[in-house]
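Today I open a fresh notebook page and look at how one chain is put together. Come along as I look things up.

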Amino acid sequence: VAISVKFNKPAMGSATTLTVGITLWYAFNVGYNVYNKILSKACDYPMMISLTSLAVGTLYFLPLWALGVRKPPSLSSEDLKACTVLAMLHTVGHVAAVVAMSAGAVSFTHIIKALEPMF
């Protein structure tokens, strides 16, 4: 059995969109790290800071689902199991990054954040 896979050449706009998206992600990430470092100097509870930011995110999307602004995802039980594991790993990575910010320089946080694909 032969399998043929055909790839289309991406449009020029998609490369530009990707470049702008990555640049904006990096810029906002740097701002977020600096802001969290300032916050960790003022409040020496990195777990509270990280879990509060995750709670604020939850408080942001739940009303959007409840008011019908965004459609909530329809997940099967298998999807829910997979998402739960990913959510826990994301939480560990987020907490590790915020704790790293409070423990040392912002540059150390960039090392932790570089490991995010592993989480």
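I started by fixing what a contact is: heavy atoms within 4.5 Å. I also noted that helices (H or I, at least four residues) and strands (E, at least two) are DSSP runs, numbered from the N terminus.

This is a predicted model, where local features need pLDDT of at least 70, side-chain atom pairs count only at pLDDT 80 or more, and totals for chains, interfaces and linings use all residues. Residues are numbered from 1 along each chain as its sequence is written, and side-chain values use heavy atoms, with hydrogens and water left out.

**Overview.** I found four helices and zero strands in the chain.

**H2 against H3.** I looked up which residues meet. From H2 (residues 46-66), I listed Pro46, Met47, Ile49, Ser50, Leu51, Ser53 and Leu54, which meet His90, Thr91, His94, Val95, Val98, Val99 and Ser102 in H3. I sorted the residues of this contact into eight nonpolar, six polar and no charged; Ala, Val, Leu, Ile, Met, Phe, Trp, Tyr, Cys and Pro count as nonpolar, Asp, Glu, Lys and Arg as charged, and the others, Gly among them, as polar.

**H3 alone.** I noted that H3 has 27 residues. Which residues of H3 are buried? I wrote down Gly93, His94, Val95, Ala97, Val98, Ala100 and Met101, with buried meaning under 20% relative accessible area (1.4 Å probe, protein chains only).

**Whole chain.** I saw that buried residues make up 17% of the 119 residues. Among contacts between residues at least 6 apart in sequence, I noted that 68% join residues at least 24 apart.

Methods. Axes are lines fitted to C-alpha atoms, for helices over the stretch in contact, and angles run from 0 to 180 degrees between N-to-C directions. The expected span of a helix is 1.5 Å times one less than its number of residues. Buried means under 20% relative accessible area, exposed over 50%, partly exposed in between (1.4 Å probe, protein chains only).
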